[in-house]
Amino acid sequence: MHMIPTWLEAGLWGLLAGAALVIGSAIAYIAHVSKRLIALITAFGSGVLISALSFELIEEAYRIGGFNSVAIGFLSGAVVYTLINLLLARFGAKHRKRSSGLQPSEEEYSGSGLSIAIGVLLDGISESIVIGLSLLQGVGVSIVVVIAIFMSNIPESLSSTAGMKKAGRSATYIFGVWGSIAVISGIASLIGYTTFRYFSPGVIAVTTAIGAGAILAMLVDTMIPEAFEQAHDFAGLITVFGFLSAYLLTKLF
């Protein structure tokens with residue numbers, strides 16, 4: 001992607017990572033995927049993201065901003081995500097990543113459809129922004145971060161779409177949500193690059209750490225519970241495989 005403007009490259013990388021949401025959703029909608037398999041894939045995706053935020057995002061934030069930037073950003077990202085997530089949970093979005101029948105239907109909880117859509121957007125926006133931020137160092141996008149987000153997005157939408165189907169939501173709603181979020185992911189990545197390239201390294205470091213903190217809070221609040229509920233015997237082991245796979249990518253790239 002060296003022949004195109006960097007701002008457009010940022011958007012395309014974000015769109016690529018977001019496209020995994022549509023792929024996972026299509027698989028869950030068309031094929032019958034067992035809840036246990038979804039849980040195992042979710043565990044693997046969780047491990048991948050934990051590794052990426054540990055060895056890529058946090059390390060990069062520390063390198064350009066030091067410990068204070070990391071600590072402030074990391075905690076702030078987790079706090080902000082948690083507060084918004086608690087608010088959305090009150091409007092029916094608490095189980096948006098669950099493949100079981102925990103998601104409420106619109107008849108059971110009026111407005112839950114919009115809350116779930118906002119919730120899954122919240123989950124993906126931090127990931128997309130850090131893709132754009134990774135381009136600010138002038139050495140190209142962080143391939144490890146893009147791959148990690150892509151690999152984790154598939155189980156996210158797999159699990160959530162399975163739950164949406166059980167809640168009786170239409171194909172228009174399901175694919176509308178994931179398609180829109182894929183596009184917004186590209187826009188968020190583009191904004192991450194175009195907006196923050198004018199800021200100081202300290203601000204970039206804090207913002208990267210905010211994204212990492214939000215991602216970790218999202219994992220523990222939404223993805224890991226789904227993985228443990230359906231595959232608790234092997235959830236930890238598969239998470240470790242995911243972690244190790246992403247760590248290997250950091251060495252290869």
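# A walk through an all-helix chain

Hi everyone. From the N terminus on, the elements of this chain run α-α-α-α-α-α-α. That makes seven helices and zero strands. A quick word on terms: helices (H or I, at least four residues) and strands (E, at least two) are DSSP runs, numbered from the N terminus.

Before we go on, please remember that this is a predicted model, where local features need pLDDT of at least 70, side-chain atom pairs count only at pLDDT 80 or more, and totals for chains, interfaces and linings use all residues. Residues are numbered from 1 along each chain as its sequence is written, and side-chain values use heavy atoms, with hydrogens and water left out.

How confident is the predictor? pLDDT is its confidence in each residue, from 0 to 100. The chain averages 84, and 89% of the residues score at least 70. Confidence is highest in α1, at a mean of 92, and lowest in α3, at 77. Where pLDDT is low, the predicted coordinates should not be read in detail.

Now the overall picture. The chain has 253 residues, and 49% of them count as buried. Buried means under 20% relative accessible area, exposed means over 50%, and partly exposed is in between (1.4 Å probe, protein chains only). The chain exposes about 11300 Å², with carbon and sulfur atoms supplying 71% of that. These areas come from the Shrake-Rupley method with a 1.4 Å probe, and for residues, only the protein chains shown count as cover.

Next, contacts, meaning heavy atoms within 4.5 Å. Take the contacts with a separation of 6 or more: 84% of them are between residues 24 or more positions apart.

Let's go inside. A nonpolar core is a set of buried Ala, Val, Leu, Ile, Met, Phe, Trp, Tyr and Cys residues joined through side-chain atoms within 4.5 Å. Which residues have the most contacts inside the largest core? They are Leu57, Ile131, Ile149 and Leu219, in a core of 33 residues. The helices giving two or more residues to this core are α1, α2 (35-89), α3, α4 (143-166), α5 and α6 (201-231). Of these, α6 gives the most, with 10 residues. Leu219 is a nice one to click on: leaving aside its neighbours within four places in sequence, Leu219 is in contact with Ser46, Leu49, Ile50, Leu53, Ile224 and Pro225.

Apart from that core lies another, of eight residues, including Leu21, Val120, Val177 and Ile181. Two of those names come back when we look at Ala117, which touches Tyr173, Val177 and Ile181, not counting residues up to four places away in sequence. Ala117 sits in helix α3 (residues 112-134). Is Ala117 buried or exposed? Ala117 counts as buried, because its relative accessibility is 19%. Ala117 and Tyr173 are 56 residues apart in sequence, yet their C-alpha atoms are 9.1 Å apart in space.

Further along α3 we meet Ser128. Ser128 has a relative accessible area of 4%, so it is buried. Setting aside neighbours within four places in sequence, Ser128 is in contact with Ser185, Ala188 and Ser189.

Out to the surface now. Trp7, Leu8, Leu12, Leu15, Val183, Ile187 and Ile191 form a nonpolar patch, with about 580 Å² of accessible area together. Patches are made of residues with over 30% relative accessible area and no salt bridge; like charges are joined within 9 Å, nonpolar side chains (Val, Leu, Ile, Met, Phe, Trp, Tyr) within 5 Å. Both α1 (6-30) and α5 (171-196) supply at least two residues of the patch, and α1 brings the largest share, four residues. Ile187, in helix α5, is partly exposed because its relative accessible area is 45%.

Just before α1 we find Ile4. Ile4 counts as partly exposed, at 28% relative accessibility. Ile4 touches Glu9 and Leu12, not counting residues up to four places away.

Last stop: how many salt bridges does a search of the whole structure find? One. A salt bridge is a side-chain nitrogen of Lys or Arg within 4 Å of a carboxyl oxygen of Asp or Glu. Here the side chains of Glu60 and Arg63 meet (2.8 Å, N to O). Both lie in helix α2, three residues apart, about one turn of the helix. Glu60 is partly exposed, at 24%, whereas Arg63 counts as exposed, at 55% relative accessibility.

That's my tour, thanks for listening!

Technical notes. pLDDT is the predictor's confidence in each residue, from 0 to 100.
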